[in-house]
Amino acid sequence: MNEARNQQHTRIPRRLASFGLIFIMAATLVLPLDTEPASATGPYLSGRLDINAKLNSVKRDRKDVNLRLEAEQSVGGYDTLQGMCYGNGYFYYLLWHQSKDLCKVVRLKRDDMTTVKVSNPLPLNHGNDMTYNTRTNRLVVSNARPARKRLTVINPNSLTIEQVKDISLPQNLPGIDWDRINSKGGYNGFNNIAYNERYNQYVIQLYETRDFVFLDANFHPVRYVKPRRWDRQIYQGMDSFDNYIVVCNSIGRGVPENLLSVYDWNGNYLSRVVLNRSMELENVFHQGSQLYAGFYYAHWEKYRWAVKKKKKWKKVKVQAKKKIKKGKYKGKYKIVTKKKRTKVTVKTYVKVRKGKQRRLNRDCYIYQVTGL
């Protein structure tokens, strides 16, 4: 009797164990695979085919922020805006030296639009585009010409190079069309890059074909997509969020408008967004639900924009000790925050004239894109 009971008791745990194993296996089958997207948010896009967006300049003290002046770079030096992105409270952007083919990375604090750090000259070539990986907290630059197959990883705090990676395309890459690639002169690298937090992947766009190549988190190509439509202009940087890929197309090839071409993650063309500014569109990027675009503007005037520093009174928050007058802790001190007027150094922009001589200006601006 006891032996039968013991056998019965041993059967129950075994059955439960078997049931538990089946449950675990079943649960494992319904868990999302690595390729499934994580939840993420980004700018709202209406999905309309043709959109005339509105542009609002980013200002400080009621003046349009000029990125070249904020980095205190002179015309003829590191003066040409290229890639730009947002990450962890900061705008990051690249200023290209056209004759040296080097770039400086600038770190700009978003809340007050003040420059925190400017890097040493870095071998980033044209530095055509830059993105921010929100999981690794690293900047990734698409060097573009002449190192057309190269990516460079940069530490956002030290603004120094941590890794250089050249991208090759596997012969058996899913979706790849070698006949199409070879008809355009072969694989000739890529122009831009964007990181998508939702999928934890990068997307690059090839020269000549404008096809998309998707890279995993370690920069290994995993998929090739041929878009059926694109806007035939000078394509620049790009951004990616949620299920979208947004590509910059600047003025050129007989088209007087800057455009954003919007695709879904599978390369289907969704929207044509017109950005009416007579400057060269260089990049597009997002900060949370806000979309931004960076513009470069070369023009000749009877003046040149320059930076002037001056002292001004400003209320700043400081911590101070305050004596407690009542209650249990009477006579003791507590730390309080209060405002105090102090003099701080601020940058302002001035027009410097030199007789009637016309002077070259190379200016760089940020606009918030709305009305999408």
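Val 106 is buried, with a relative accessible area of 0%. In this predicted model, Val 106 sits in strand 7, which covers residues 102-109. Beyond four places in sequence, Val 106 touches Ala 71, Phe 91, Tyr 92, Tyr 93, Leu 95, Thr 115, Lys 117 and Val 118. One of these partners, Tyr 92, is 14 residues away in sequence, and its C-alpha lies 5.5 Å from that of Val 106.

**The chain as a whole**

The protein has 372 residues, and 44% of them are buried. There are 3 helices and 25 strands. Among contacts with a separation of 6 or more, 55% join residues 24 or more positions apart.

**Two nonpolar cores**

The largest nonpolar core holds 21 residues. Within this core, Leu 260, Val 273, Leu 275, Phe 295 and Val 369 touch the most other members. Six strands each give two or more residues to the core: strand 18 (244-250), strand 19 (258-264), strand 20 (269-275), strand 21 (280-287), strand 22 (290-301) and strand 25 (359-370). A second core, separate from this one, has 20 residues. Met 84, Phe 91, Met 113 and Tyr 292 are included in the second core.

Leu 260 shows how one core member is surrounded. Leaving out residues up to four places away, its contacts include Val 246, Val 247, Cys 248 and Asn 249. Leu 260 also touches Ser 271, Arg 272, Val 273 and Leu 275. Leu 281, Val 284 and Leu 291 are contacts of Leu 260 too.

**A buried arginine**

Arg 362 belongs to strand 25. Arg 362 counts as buried because its relative accessibility is 17%, under the 20% cut-off. The side chains of Arg 362 and Tyr 296 are joined by a polar contact of 3.3 Å. Apart from neighbours within four places in sequence, Arg 362 is in contact with Arg 68, Val 75, Gly 76, Asp 79, Thr 80 and Gln 98. Tyr 296, Tyr 297 and Ala 298 are also contacts of Arg 362.

**Two more sites**

Val 225 lies in strand 16, residues 221-225. With a relative accessible area of 10%, Val 225 is buried. Outside a range of four places in sequence, Val 225 touches Asp 211, Phe 212, Phe 214, Asn 266 and Gly 267.

Ser 278 is in the loop between strand 20 and strand 21. Ser 278 counts as exposed, because its relative accessibility is 65% and the cut-off for exposed is over 50%. Ile 251 and Tyr 297 are the residues that Ser 278 touches, not counting those up to four places away in sequence.

The table sets out C-alpha separations for three pairs.

| Pair | Apart in sequence | C-alpha to C-alpha |
|---|---|---|
| Val 106 and Tyr 92 | 14 residues | 5.5 Å |
| Val 225 and Val 213 | 12 residues | 6.4 Å |
| Ser 278 and Ser 250 | 28 residues | 9.6 Å |

**A cavity**

A search of the whole structure finds 1 cavity of 30 Å³ or more. The largest cavity contains about 40 Å³ of space. Its lining is made up of Ile 181, Lys 184, Gly 186, Tyr 187, Asn 188, Leu 206, Tyr 207, Glu 208 and Thr 209. By class, 4 of the lining residues are nonpolar, 3 are polar and 2 are charged.

Note on methods: Residues are numbered from 1 along each chain as its sequence is written. This is a predicted model: local features need pLDDT of at least 70, side-chain atom pairs count only at pLDDT 80 or more; totals for chains, interfaces and linings use all residues. Side-chain values use heavy atoms; hydrogens and water are left out. A nonpolar core is a set of buried Ala, Val, Leu, Ile, Met, Phe, Trp, Tyr and Cys residues joined through side-chain atoms within 4.5 Å. Buried means under 20% relative accessible area, exposed over 50%, partly exposed in between (1.4 Å probe, protein chains only). Helices (H or I, at least four residues) and strands (E, at least two) are DSSP runs, numbered from the N terminus. Contact means heavy atoms within 4.5 Å. A polar contact is a pair of N or O atoms within 3.5 Å; within protein, one must be able to donate a hydrogen and the other to accept it, and residues adjacent in sequence count only if both atoms are side-chain atoms. On a 1 Å grid over the protein atoms alone, a cavity is a set of points where a 1.4 Å probe fits but cannot get out, and a pocket is an open set with protein on both sides within 12 Å along at least five of seven lines; lining residues have an atom within 4 Å of a point. Grid points are joined across faces, edges and corners, and a volume is the space filled by probe spheres set on the points. Ala, Val, Leu, Ile, Met, Phe, Trp, Tyr, Cys and Pro count as nonpolar, Asp, Glu, Lys and Arg as charged, and the others, Gly among them, as polar.
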